[in-house]
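Dear colleague,

Please find the structure below, followed by a short account of what was found in it.

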Amino acid sequence: MPWYELSSADDSKLNELAEKYHLHPLHLEDSRSADERIKVEQTPEYTFAVLKPIKFTQGETGKQDTVSFSTIDIFAGNHDGEPFFITIADPNCPATEEALARARREGSDDKPARLLYLIMDTIVDLYFPAIDHYDERIDDLEDRAIGRPDPSTLQEVFAIKRQLIDLRRVLVGTRDAALHLQRDPGTIVDAEHQPFIRDIYDHVVRLLDSVETQRDLVNNSLDIYLSSVANRTNEVMKVLTVLGTIALPVIAISGIYGMNLKGLPFEDSPHSVAIVAALTIGSTLALLILLKRRNWF
Amino acid sequence: MPWYELSSADDSKLNELAEKYHLHPLHLEDSRSADERIKVEQTPEYTFAVLKPIKFTQGETGKQDTVSFSTIDIFAGNHDGEPFFITIADPNCPATEEALARARREGSDDKPARLLYLIMDTIVDLYFPAIDHYDERIDDLEDRAIGRPDPSTLQEVFAIKRQLIDLRRVLVGTRDAALHLQRDPGTIVDAEHQPFIRDIYDHVVRLLDSVETQRDLVNNSLDIYLSSVANRTNEVMKVLTVLGTIALPVIAISGIYGMNLKGLPFEDSPHSVAIVAALTIGSTLALLILLKRRNWF
Amino acid sequence: MPWYELSSADDSKLNELAEKYHLHPLHLEDSRSADERIKVEQTPEYTFAVLKPIKFTQGETGKQDTVSFSTIDIFAGNHDGEPFFITIADPNCPATEEALARARREGSDDKPARLLYLIMDTIVDLYFPAIDHYDERIDDLEDRAIGRPDPSTLQEVFAIKRQLIDLRRVLVGTRDAALHLQRDPGTIVDAEHQPFIRDIYDHVVRLLDSVETQRDLVNNSLDIYLSSVANRTNEVMKVLTVLGTIALPVIAISGIYGMNLKGLPFEDSPHSVAIVAALTIGSTLALLILLKRRNWF
Amino acid sequence: MPWYELSSADDSKLNELAEKYHLHPLHLEDSRSADERIKVEQTPEYTFAVLKPIKFTQGETGKQDTVSFSTIDIFAGNHDGEPFFITIADPNCPATEEALARARREGSDDKPARLLYLIMDTIVDLYFPAIDHYDERIDDLEDRAIGRPDPSTLQEVFAIKRQLIDLRRVLVGTRDAALHLQRDPGTIVDAEHQPFIRDIYDHVVRLLDSVETQRDLVNNSLDIYLSSVANRTNEVMKVLTVLGTIALPVIAISGIYGMNLKGLPFEDSPHSVAIVAALTIGSTLALLILLKRRNWF
Amino acid sequence: MPWYELSSADDSKLNELAEKYHLHPLHLEDSRSADERIKVEQTPEYTFAVLKPIKFTQGETGKQDTVSFSTIDIFAGNHDGEPFFITIADPNCPATEEALARARREGSDDKPARLLYLIMDTIVDLYFPAIDHYDERIDDLEDRAIGRPDPSTLQEVFAIKRQLIDLRRVLVGTRDAALHLQRDPGTIVDAEHQPFIRDIYDHVVRLLDSVETQRDLVNNSLDIYLSSVANRTNEVMKVLTVLGTIALPVIAISGIYGMNLKGLPFEDSPHSVAIVAALTIGSTLALLILLKRRNWF
């Protein structure tokens, strides 16, 4: 069975293949578009599948890795009773490379459905590390949101939210593609391969479940963050008030004895300084005990 | 095939056509109404479609462009076995003009379905720049929400939210129209044009996906804004408290030595000023170190 | 065709009609109940419809108009092959009166379905002014929420929310009634009148769309209000802090020179007042410049 | 027709009846369980229904009444062509008692479906006072949330929320039970009684509608409460700032004239006191006018 | 009937059984995976079920118990007309042990469906204590959120939220498994056991209901917490303002009489101290009465 591995949709070979295997112009247009959506479409002669392998990009020091998605287009069908298989994939994406390598190794020569299954299964399996990646970042995030809520925590919250929206979109697309391959009787997938596609479907559903949980947890982190900030404002207010409380007696009493009036109490006593000091310290302590009783610190 | 291009539903020609092609009174009423909803309706003789081409209006300097929607009514059918095509469209809307021009250029003379497809496809393709437009504004918004949250940021948040609600409404209508053209066996769209309508449907679904993501992101921006304000209030409170902390020793000590009492400590020492200054500066520094330790600045 | 126009379900005439046309006891009970739900029900002999015409009540000066709902019960059917039509409606509700007047004017004598359509269409058309009414109030609300957020803004937010909940309930009921008339083959509505009922359905769906948008916008107003309050608290805090900053130097320096100590710097200089004044004003300016640099005002 | 009225599922009579009428062991287990769910289940021989009559418990003075739910189990069927009816109900619940009394009074001797309808209808009708009860409490709540938001308002908000969750659960169960009786062709309910069950269904749907509206309104109250607190914090901050503004001139000016320096302006003027007083009052007024202009009080 | 009880999927015996009973490779892979999802799958020869018994882990002193989930894999089918039953379960999980013990005790020798029912029923019944466990924690949480909101309350809120997400996921899986066993005609469950599986389904639905309610209540607790913090900030602000109010007169008046000016009012009066004291105390009281009137404390 011929397997045409193209590394770009701009390869002139694609036009020859399109003519030979009657590829639909809209599918060619899709494979050449920069912004393809995951899909499975069926013509009487072949199954057209677009999938999105994951791509980790090493972050700079102190920065998180970023997650993006490559694209692979697959045409799998029969032409005059003879199977054929065409892939258009970026050879620089490790996930794509791994999927193709496994398909070459484990695929059999006359079953395009098996090749399609192997590539799709590898691509889906390679989404799992992304879940672990986000699990770690979210755990880290929760600690930071409680311990030291600063604007960078907030930026991380929204960065993860944005990336989970993207990941979820890819997973929903992949789930629908797997469902389509299961349900539509006309696709390349025969009864023998149905349980395998169903297995892929189960994996994607589990991944989606995890992503939903992670979205919940990120939203929790935001709530934690906001509660922490509210809490800290509260703490700061209390410190300010305690400070005011400590300052009040000394300012009031020193103000009183600073007045240019005759006849202030104790003024002429030889122990005037000691008496005034005792008065000041005593009233300060009294106020502090009052605050303490009302659980302020 | 006759193609009647009217520029207004008030054109008296419409009445003649209505009589000739048995246009339904409710459809005429629709095409004359100021506030039409996107729809596809089928009578035994023709397909009636209302679509909404997008319209960018240049904003004043320093102001964002605004996005609004024009209207185009299409009657496409067969009368006694002869195809006919009627469009009622505002010729001042560039998107409408582009759609009609492409239909004139690429349409074939005896297939109203092809004309309908060409117009609808152009209208949908011209929604994509709106997505880019909002992407830019939302990116800008996120930066402003973190960097300098002021009330104008808030107004921009709610302006975008309002416009995305409108855009989403148009897209949902267009999606349902495309679905209707795909599903309903009685419409003008024949088997040959089905994949093209399906392609339009796919594009609209992708657009809706993007709009949903953008709505999420705008809501994120609002959360960022509110968190930033909470954070800043917190910062202001801290500055106020640090200020209070710095002021406390100098006010308390100068108050004490301002009292008209005899016998204050160090009062008669020749180094009294130096001692009191050291006391003041020392206690201020002690308080500042305390705050520093608790991570206040 | 007899059309019995009753102005109250307590009219003794209703009992005669009930006997003559076999009206179901539960429908009689409904029409006599104070708190009817919008519905369409079918018996083999007639269609029973309950609708809710809108009623504007002029508000006092400075107060908003209030929106409430009247009730109209319709029995439309055939008795021994002869059509009959019964309405029970409050003649004091302008919307009801308009609907009945139009039915009398445009209705034909032997089609109860046409009468039902005319009444329902008028009632639905008269919901549109309510949407405009709320549009105006919401626009006004947004301006107030940004410009001068006070508790009365809040009360208006919740008043509109409450009224939109009611309006939505009526619209959902009307939509379901229209759907029922479209779908259920046994109702009085024949094939000729189906497109008209479908037109009503479209209008109600558009109204519901608008109400949903308005609910979104009211929630936006609440967010605007809360953000504005948070913002203002922030502003107040800044003013307080700037005030503290301005006060600090003059209080500290006047405190220092108020001490009863000998040997304060510049004390004996002939320019002591000028020097101290320069010191005070200088340090105040320095602090203000610092705050200015950090964008505080 | 025999009607067995048991007051407890522990009655030994139940075992005899179970044997005689072949009651399913799982239904017996249900009727003995402390925490039954509302349901309708069908065996070839009988219909088993569990319903939850409402129970008001008088609150202590100054406290709200509490709403709870009793349980009634009904077995209604035909045994060898002979109808039978078994109820297990707590005779101390007024709603249960009323339902049974009405069934005894209005029921006919050979129709278990009529008995079932009468009991279910009474139970559902007695839910309406609960809606009124919550309407009153929510109105009161809104007033308190705006007028004097204190923690007890908050506790009332959450108490009502919790009770509405319970009520909603009971209503959803009852709605599903009514639906089951309508849809399932095998139940005891024959064509004659279908419209009556449908009437019950309509009532429950209306009740659920009201509960949803009330949940919305309680959430509104929470929003009102939080906005009121935010507003009041804002007010307090303003008072504090106005206070600081009033204090500043007198403190600064009295500090300046308290300095032990020679040559302060106006110091030796005979009108020094008047001049200084004028200065102080003047600058205080200037600041207050400034705040007034910016709408602070 | 042979029942193979394996304690680990790594048991080499599993390979023999897989060969003998034609177990599907994907099911073997599932049973060996560390992160299985609850499911029921059907092959022509057997039903494969994965369930998750609950596991309580005693918390340290002062710490809450934690809830986790074990796994049990069940293969129940007929091989050449002869029933067989295989379980793979961790013998260290008490819930698993209880389920297996009950199955051994009450199971009959030739009905794998009964064994499956007994195990599943026990596992579901043992979820109920988890609900009670969370009920207690949530009650405790609400008290703490109102009484003494501190960050540990917040951490408990999010811990419970996270655990309820997990529990809900397990329950949804179990509900779907029960539904599958009810609906799919090919499973091991025959008509006799259908009511029992339906009973399990009812229990799971009731559990899910409770979990949903608990999630609502936890969210309520978070709202209570945030409202309490807002409330307390408000209280602290008021104390600060009252403090400022008390301080103002004494500071202003003592400042005035501290000025080195001649001719201050009452200065030379013999009762100057008494007069000034009366002035200070009087104006302080006046301010306090003003605050009291406006309900500040």
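**Symmetry and contact of chains D and E**

Chain D is superposed on chain E by a rotation of 72° with 0.1 Å of shift along its axis (RMSD 0.1 Å), the fit being by least squares on the C-alpha atoms of residues with pLDDT of at least 70 in both. The two copies are thus related as by a five-fold rotation axis. Within chain D, D:Gly258 comes closest to that axis, at 4.6 Å (C-alpha).

This is a predicted model, in which local features need pLDDT of at least 70, side-chain atom pairs count only at pLDDT 80 or more, and totals for chains, interfaces and linings use all residues. Residues are numbered from 1 along each chain as its sequence is written, chains are lettered from A and ligands numbered from 1 in the order in which they are written, and side-chain values use heavy atoms, with hydrogens and water left out.

The contact (heavy atoms within 4.5 Å) involves 41 residues from chain D and 42 residues from chain E. About 3,700 Å² is buried between the two chains, 63% of it from carbon and sulfur atoms; this is the accessible area (1.4 Å probe) lost on putting the parts together, summed over both. D:Arg37, D:Arg162 and D:Val236 supply 16% of the area that chain D buries against chain E, more than any other three residues.

Six salt bridges cross the interface, each a side-chain nitrogen of Lys or Arg within 4 Å of a carboxyl oxygen of Asp or Glu. One of them joins D:Arg37 to E:Asp202, with the closest N and O atoms 3.9 Å apart.

With kind regards
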